Amino acid sequence: MADDKTQKRAAEFIEPFRVKPGSRVRLGKDFDPAFKAGVKKKKEGVALLESGVSLLSEYQARLAAQDTWGVLVVLQALDAAGKDGTIRHVMSGVNPQGVAVHSFKQPSAEELDHDFLWRYARRLPRRGEIGIFNRSHYEEVLVVRVHPEILNREKLPPAAKRKRDVWQRRYRQINDWERYLTENGIRVVKLFLNLSKEEQRIRFLRRLDLPDHNWKFSSADVRERERWDDYQKAFSEMLSHTSTEWAPWYVIPADRKWFMRIAAASVLVHTLMDIDPRFPTVTKAQREGLLEVKRELEAQAPKGAALDPFEHKQRAVADGRNGHEPDAQVAPPADASTSE
């Protein structure tokens, strides 16, 4: 069972980031990109992140073993907010086989021949897996809204492109889809990395100043920066209309990368603790079968070796607290006799 105290602390820590369903969000006024929730120093933050990564590792192993729930992490942000770094640091301790990361670029011709959710549905996590969308289906109410000419390339019938209500319909469709996923065992964790305009400017300059970071820079990023106010409005509308009880948004302060990673890890840890996946248990009959196999393996021990080295080591660790180590049960030597 999940540690109630740890889960409660995580819930309290992430509450300021949660967008209350039904609330009206004004991003620039309601959420501070430099907020750090009382964590005073980066050194303290590093320790908190290590703790969070450790918990993620434990719960991801349980999630994979139970094979019942999947977790979809949605990451949205403007350029230079730190999506890639968040994935790299937060997921550093988990088994790579249990995580799949998908980045979505401009739709292909095949993808444009389908509905706007089709390409995202194809990349959903399996049960027991954590899937990460680096940008996601929310691009359809962000980039497409800021650049409505993209809508004309989506081959929609005229009625579906009416600008008067297209965004409201897409919000509803996304909410319905995420509810469907949740009701079918896929938990949706939505993180918006909230970066200030000045911090973005500083990070762009850093990419220009460092030769090994030049590859990260694109002139398109600067062109999109010119639409800052349009994006802030689109983000605010998105958060207002798609933060639901079953899939709420969390606005993560992104001006301090170290704090952003702590906050993102905390939301994911809280979600996994809420799911509380368990390692599968075996039946009595299955246990008897395992014990029979154990006896067969012990019988194969070389002469003089511990019958079960792992069990012996575990007993030694436990009894070591009492100041002594137990004798190992060993296979008798080949020339063993009963003489005194």
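Phe-17 is a good place to start: at 1% relative accessibility, this residue counts as buried. The model you are looking at is predicted. From Phe-17 the tour goes to the other aromatic rings, then to the nonpolar cores, the central strands, and two polar residues that are worth a closer look.

**Aromatic rings**

- Phe-17 has a ring partner in Phe-35, with the ring centres 6.1 Å apart and the planes at 75°, so the pair is edge-to-face.
- Phe-17 sits in the loop between H1 and helix H2 (27-30), while Phe-35 sits in the loop between H2 and H3, so their pairing ties together parts that are 18 residues apart in sequence.
- Phe-35 counts as partly exposed, at 33% relative accessibility, whereas Phe-17 is buried at 1%.
- Ring pairs join both residues to a cluster that also takes in Phe-13, Trp-258 and Phe-259.
- Across the model, the count of aromatic pairs comes to 13.

**Charges over rings**

- Arg-179 places its charged end over the ring of Trp-246, at 4.3 Å from the ring centre.
- Arg-62 lies over the face of Tyr-59, and here the distance to the ring centre is 4.4 Å.

**Nonpolar cores**

- The largest nonpolar core holds 41 residues, and Val-71, Met-91, Ile-130, Leu-191 and Ile-252 have the most contacts inside it.
- At least two residues of this core come from each of several elements, including helix H1 (4-14), helix H3 (42-66), helix H4 (83-90), strand S4 (186-194), strand S5 (249-253) and helix H12 (257-275).
- H12 gives the most to the core, with 13 residues.
- Apart from this core lies another one of 37 residues, with Val-25, Trp-167, Ile-174 and Ala-247 among them.
- Leu-191 shows how the parts of the chain meet: beyond residues up to four places away in sequence, it touches Val-73, Val-74, Leu-75 and Gln-76, as well as Trp-249, Tyr-250, Ile-252, Ala-264 and Val-267.

**Strand S1**

- S1 is mostly covered, with eight of its eight residues buried.
- In a regular strand, side chains alternate between the two faces of the sheet.
- Gly-70, Leu-72, Val-74 and Gln-76 point one way from S1, Val-71, Val-73, Leu-75 and Ala-77 point the other way, and all are buried.
- S1 and S4 run parallel and are joined by eight bridges.
- Val-74 has Lys-190 as its bridge partner in S4, and the residue opposite Val-74 in S3 is Phe-133.

**Strand S3**

- S1 also pairs with S3 in the parallel sense, over five bridges; one partnership here is that of Leu-72 with Gly-131.
- Strand S2 (residues 99-103) runs parallel to S3 as well, and five bridges join the two.
- Val-99 stands opposite Ile-130 in that pairing.
- Five of the five residues of S3 are buried, so this strand is largely enclosed by the rest of the structure.
- Both faces of S3 are covered, with Ile-130, Ile-132 and Asn-134 buried on one side and Gly-131 and Phe-133 buried on the other.

**Helix H4**

- The buried residues in H4 are Lys-83, Gly-85, Thr-86, Ile-87 and Val-90.
- The elements covering these buried residues include H3, S1, S2, S3, S4 and H12.

**Two buried polar residues**

- Ser-136 is found in the loop between S3 and helix H7 (143-146), and it is buried, with a relative accessible area of 0%.
- The side chain of Ser-136 makes a polar contact of 2.7 Å with the side chain of Gln-76.
- Leaving aside neighbours within four places in sequence, Ser-136 is in contact with Val-74, Gln-76, Phe-104 and Tyr-120.
- Arg-62 belongs to helix H3 and is buried too, with a relative accessible area of 12%.
- The side chains of Arg-62 and Asp-276 are joined by a polar contact of 3.5 Å.
- Arg-62 touches Pro-277, Arg-278 and Phe-279 in addition to Asp-276, not counting residues up to four places away in sequence.

Definitions and conventions:
Residues are numbered from 1 along each chain as its sequence is written. This is a predicted model: local features need pLDDT of at least 70, side-chain atom pairs count only at pLDDT 80 or more; totals for chains, interfaces and linings use all residues. Side-chain values use heavy atoms; hydrogens and water are left out. A nonpolar core is a set of buried Ala, Val, Leu, Ile, Met, Phe, Trp, Tyr and Cys residues joined through side-chain atoms within 4.5 Å. Buried means under 20% relative accessible area, exposed over 50%, partly exposed in between (1.4 Å probe, protein chains only). Helices (H or I, at least four residues) and strands (E, at least two) are DSSP runs, numbered from the N terminus. Contact means heavy atoms within 4.5 Å. A polar contact is a pair of N or O atoms within 3.5 Å; within protein, one must be able to donate a hydrogen and the other to accept it, and residues adjacent in sequence count only if both atoms are side-chain atoms. Two strands pair if DSSP finds at least two bridges between them. Rings of Phe, Tyr and Trp (its six-membered ring) pair if their centres lie within 6.5 Å; planes under 30 degrees apart count as stacked, over 60 as edge-to-face and the rest as tilted. A charge sits over a ring if NZ of Lys or CZ of Arg is within 6 Å of the ring centre and within 35 degrees of the ring normal.
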